[in-house]
Amino acid sequence: MQAKRYILKLPFLLFPIILVPITAHNYVDGRSGLIRGVRVPGTRVSYGNFAVDKYHRLQVSVGLSSVVSNYRECALSCVNNPPCSSFNVASSPRLDGQFPCELLNEDKYSASPGQLVSSQEYHHYSIRSALLIIRGEGMSRCRINTLCEPILRTKDLEITIETKDLFFLACLSWPLAERNECASDPCQNGGICIDQVNRYTCQCRAGTTGDHCEIASTPKTCAGVNLQNPGGPSGYYTIDPDGFGGLPPFSVYCDLHGRWVMVSFTHDVYGVEVVDGYEEPGSFIRDVTYSHSLQQMAAAISVSENCRQLISYTCSKSRIMANYGDLVGGPYTWWVARDGTRQNYWGGADPSSYSCGCYKAMTCYKFPKFKCNCDANDLGERTDYGYLTDKSKLPVTQLRFGDTGSNDKDKGKYSLGPLHCVGEI
């Protein structure tokens, strides 16, 4: 069919649009494909060429599903909704007269071979015949496949369309100042917003993906590793607890096959170490150096559901807490938290309780007289141990002991387990 030219002309007053054959200077080539945001004086134009593959359906992921009154409405929806590239529309209406419409983010050219399949239920439309939409902020009232009804005044606007048939859709809106589509700062995790006509795209940083860079491709915790790699082996994995803008991602050991999926942070307190010859409270000092920085550990702790660290002290005539306030200045033994504060309780007990876990469990030797087994201060070898679980204080950064120097029978030995964190907030 011979190509024809048309003009859309809107007078200054509220008159209908008149269609007459004419050639004008504002030229839009309808053969160019699916185009959005073409500039013409005072407005923006989006248009597309669609041709039908009857009784076919492109089987790709559906970007948006709706119901429409006819196939032209589905076409208009595709042109007006980036990133639609093609659409499927039902070959016959439902009982209510509506047609299911599927907007697709791929077309038959970009899809894999064989994804355009025969279907009695659908027709597939890909780029060919001309559709025109003139869009902006102050919208006119438009009906599908009809002329527009202008409700505002504007200057004359002329646009020439070249088309191979008489099928086109037109809606007119009034010119306004250019809008910054990135003004709302829609891109997350440090993504860079690229302003475009009537839309924006996000350029994501390394380690993030998604339309708004909202998906972290590097998991925050070992629990996230397990979700990305179900059934994977335990070992070293890279995590990024605080996401973009914080600490760089770092490698940790993930136990993926225990009772809990956990991350472990080790240190330089190996096995059992002895305390002997330090009588004054806290005079024995053991600094703890970890496999990771305290900043990295704090980031992992903050996104973990639970964290814990086992601490143990085995004694012979060496007290942890003093009884009934008979020790001036506090207990003989304590540990130092991540923030540098002194913690006057032992594993299994409540924070600031000046006690050990056996007191909370009511199992201490001669309970309730003693708040720790070691506070019996006798020649028998006794042990106090338990988990520290206060996430705001972990990990243990220093151990302090005393009451091991008055004679050769005053001794103690201690151990400190790795920091384990499980789950994800």
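**Aromatic rings in the predicted model**

Searching the whole structure, which is a predicted model, turns up twelve aromatic pairs. A good one to start with is phenylalanine 87 with tyrosine 125: the ring centres sit 4.8 Å apart and the planes meet at 10°, so this pair counts as stacked, the cut-off for stacking being under 30 degrees. Phenylalanine 87 belongs to strand 8 (residues 86-90) and tyrosine 125 to strand 11 (residues 122-127), so the pair ties together parts that lie 38 residues apart in sequence. Are these two rings buried or exposed? Phenylalanine 87 is buried, with a relative accessible area of 0%, and tyrosine 125 is buried too, at 11%.

Tyrosine 359 and phenylalanine 367 make another aromatic pair, this one tilted, with 5.2 Å from centre to centre and 55° between the planes. Here tyrosine 359 is partly exposed, at 28% relative accessible area, and phenylalanine 367 is partly exposed as well, at 32%. Elsewhere, ring pairs hook up into a cluster made of Tyr278, Phe284, Tyr313, Trp346, Phe401 and Tyr414.

Some rings have an arginine for company. Arginine 57 lies over the face of tyrosine 122, 4.4 Å from the ring centre, while arginine 308 does likewise with tyrosine 387, at 4.1 Å from the ring centre.

Tyr387 also turns up on the surface, where it forms a nonpolar patch with Leu310 and Tyr385; together they have about 300 Å² of accessible area. As for tyrosine 385, it is found in strand 28 (residues 382-388) and is exposed, with a relative accessible area of 57%.

Terms used. Residues numbered from 1 in each chain as written. Predicted model: local features only at pLDDT ≥ 70, side-chain atom pairs only at ≥ 80, totals over all residues. Heavy atoms only, no water. Patch = residues over 30% accessible without salt bridge, like charges linked within 9 Å, V, L, I, M, F, W, Y side chains within 5 Å. Areas by Shrake-Rupley, 256 points an atom, 1.4 Å probe, with all protein chains shown as cover. Salt bridge = Lys/Arg side-chain N within 4 Å of Asp/Glu carboxyl O. Helix = DSSP H or I, 4+ residues; strand = E, 2+ residues; numbered from the N terminus. Buried < 20%, exposed > 50% of the residue type's maximum accessible area, 1.4 Å probe, protein only. Phe/Tyr/Trp six-rings, centres within 6.5 Å; stacked < 30°, edge-to-face > 60°. Lys NZ or Arg CZ within 6 Å of the ring centre and 35° of its normal.
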